[in-house]
Amino acid sequence: MGTCDCAVVQERVIVPEAVAVKESVVVPEIPRINNSVVVPVITAYRARPPYRVDPEWPDLELTPRFHVWLIAYTTGEDPDYDLTFWIYDQVIEVDWGDGTTEILNGMEEPGYHTCRHKFKEGTGTLDSHGERFWHVDLYVKEDHAVYNAIELSPVYNNVKSNSKVKAVSINKNGLYSYLILNWAQNTAVNWIEYVRVIGKHILKADTLRSVYLHEIRYDSEDIAFDELPGNTVSKLLGQYPFDVFNYKNIKAYRGAVFSFMYAPNLLNYRYDLSRFNFLEISNLFEQNIVVTEIILPTDSERAWTNMGYTFSGCNALRKIVFPENRELFDSVNELGSAFSGCINLQEAVNFPTTIGRKATRLNANGFNNCPKLSISFGTPETKLNVFNSSVSAIYGLQFSKDSPFGLQSGGAHININGSKFEYGAIMEVFEQLPDFSGQSQRIINITDNPGTHELTEGDIKIATDKNWQVIGV
């Protein structure tokens with residue numbers, strides 16, 4: 001630790017502002033991308049200074065199987081309770097560290113169960129700074145595979161916790177229960193600075209997103225996960241504390257794993273996810289301003305339904321390779337902001353034109369501000385609920401005459417303002433419009449398309465006779 005090499009890695013990876021990342025890492029030359037596929041994730045993480053565990057604390061490495069240890073302090077801000085947390089659907093035997101024990105039964109009633117305690121006066125142990133703490137031991141006696149959270153966040157259901165917990169250890173061997181640390185700055189006096197996760201096979205991933213975290217330590221970089229959600233690790237850590245690219249160890253991924261909004265901000269330019277198994281790809285790369293090329297998984301154990309914000313704000317992204325298996329996309333019903341703001345995206349190899357074919361209503365308001373993405377969207381089977389391709393290179397649109405069009409985006413149910421629709425393509429859209437006579441009026445915005453100025457009053461009447469307001473003529 002403390003060598004020159006470590007300092008360089010830390011300065012390069014731990015970037016608090018997304019703008020600074022953009023200015024320092026975006027490379028304009030695509031040919032250089034292939035040489036930068038894998039950033040050694042664990043190396044960058046280890047460059048962070050390790051958290052200094054207080055020598056007077058119990059050895060967190062010794063946390064037994066099925067146990068969670070809390071290193072708790074008092075704040076004095078709550079006259080009735082020193083420690084508050086919530087459990088969901090478990091039976092837990094707790095040793096409060098002050099000579100008292102208790103059974104917490106979260107299975108008695110559905111929902112979260114509030115757990116509170118006031119430490120006995122004269123108990124506890126002094127740490128190396130002379131501050132008193134309590135070693136709280138939670139023994140999970142019963143849990144199951146569905147939903148078993150131990151919520152250590154500052155507020156739940158309008159109940160505020162004034163607790164002060166500095167460290168947590170959890171032994172994940174055979175344990176379905178998982179931690180939730182979703183603390184935002186200035187929301188409470190709570191903070192957890194250090195988390196020790198014991199076990200090499202994680203059945204249920206924890207949500208470790210407190211802004212106060214200094215370090216999350218796993219047994220090694222080769223941790224196996226049954227499922228890895230995108231909100232597992234705080235983005236402020238800079239890098240994942242395990243090898244997130246080891247798809248052989250991670251049975252399934254889900255959600256915002258490579259998003260700059262929710263996950264550690266990796267500096268990879270190219271992602272080949274062809275062998276990865278993603279159960280869900282919503283928010284997958286949201287606001288990732290570094291990535292330039294993405295190869296999506298070739299298969300999944302189940303079809304995807306939600307692609308909301310998948311590539312939203314990826315302003316350096318130039319190429320996406322979709323799998324040839326179109327059935328993965330047939331049941332997608334949400335494309336909200338999926339490609340919004342992808343201002344440099346110009347290649348969508350194998351783009352699934354049948355996307356959302358089996359959905360009863362597809363929200364396709366996800367192509368605005370894509371000025372280089374030249375595609376035609378939809379099929380005669382696609383039941384659209386909304387469509388938005390404003391300021392894009394999209395030049396064609398097909399949809400079912402049974403489309404509900406129940407939502408608006410940018411002030412219209414169909415918003416192709418600033419797109420590339422020629423006269424014939426606009427007429428094709430008019431012919432497909434469902435007839436909403438006797439219902440609330442729908443709106444279509446065709447402003448600033450190549451074919452807009454060629455439309456006659458008779459052409460426009462095709463739409464207005466079906467109770468559509470036409471904007472842009």
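## Charges over rings

In this predicted model, the charged end of Lys 166 sits over the ring of Tyr 73, 4.7 Å from its centre. To count as sitting over a ring, NZ of Lys or CZ of Arg has to be within 6 Å of the ring centre and within 35 degrees of the ring normal. Arg 442 does a similar job on paper: Arg 442 lies over the face of Phe 436, at 3.8 Å from the ring centre.

A quick word on ground rules. Residues are numbered from 1 along each chain as its sequence is written, and side-chain values use heavy atoms, with hydrogens and water left out. Since the model is predicted, local features need pLDDT of at least 70 and side-chain atom pairs count only at pLDDT 80 or more, while totals for chains, interfaces and linings use all residues.

## Aromatic pairs

There are 37 aromatic pairs here. Rings of Phe, Tyr and Trp (its six-membered ring) pair if their centres lie within 6.5 Å; planes under 30 degrees apart are stacked, over 60 edge-to-face, and the rest tilted. Take Phe 85 and Trp 96: the ring centres are 6.1 Å apart and the planes are at 45°, so this pair is tilted. Phe 85 is in strand E2 (residues 83-88), and Trp 96 is in the loop between strand E3 (91-95) and strand E4 (101-105), eleven residues apart. Helices (H or I, at least four residues) and strands (E, at least two) are DSSP runs, numbered from the N terminus.

Buried or exposed? Phe 85 is buried, at 0% relative accessibility, and Trp 96 is buried too, at 1%. The cut-offs are under 20% relative accessible area for buried, over 50% for exposed and partly exposed in between (1.4 Å probe, protein chains only).

## The nonpolar cores

The largest nonpolar core has 106 residues, and Phe 258, Phe 311, Leu 335, Phe 339, Phe 377 and Ile 414 have the most contacts inside it. Such a core is a set of buried Ala, Val, Leu, Ile, Met, Phe, Trp, Tyr and Cys residues joined through side-chain atoms within 4.5 Å. Helix H4 (residues 423-432) supplies the largest share of this core, five residues. Apart from it lies another core, of nine residues, including Tyr 51 and Trp 57.

Helix H4 also holds Glu 431, which is partly exposed at 43% relative accessible area. Neighbours within four places in sequence aside, Glu 431 is in contact (heavy atoms within 4.5 Å) with Lys 401, Ile 462 and Lys 466.

## Strands

One open sheet has five strands in the order E5-E2-E8-E12-E15, with mixed pairing. Strands E5 (112-117) and E15 (207-208) stand at the edges, each with a single partner strand, so one side of each has no neighbour in the sheet. Two strands pair if DSSP finds at least two bridges between them. E12 (residues 178-181) and E15 pair in the parallel sense over two bridges, with Ile 180 opposite Thr 207.

Further along, strand E27 (residues 384-388) is mostly covered, with five of its five residues buried. Three bridges join E27 to strand E25 (residues 362-364), and they run parallel; here Ala 364 stands opposite Phe 387. E27 also pairs in the parallel sense with strand E29 (residues 414-415), over two bridges, where Ile 414 is the bridge partner of Phe 387.

## Cysteines

How many disulfides does the structure hold? Zero, taking a disulfide as a pair of cysteine sulfur atoms within 2.5 Å. The sulfur of Cys 342 has its closest cysteine sulfur in Cys 370, 5.0 Å away, too far for a bond. Cys 342 is buried at 0% relative accessibility, and Cys 115 is buried at 1%.
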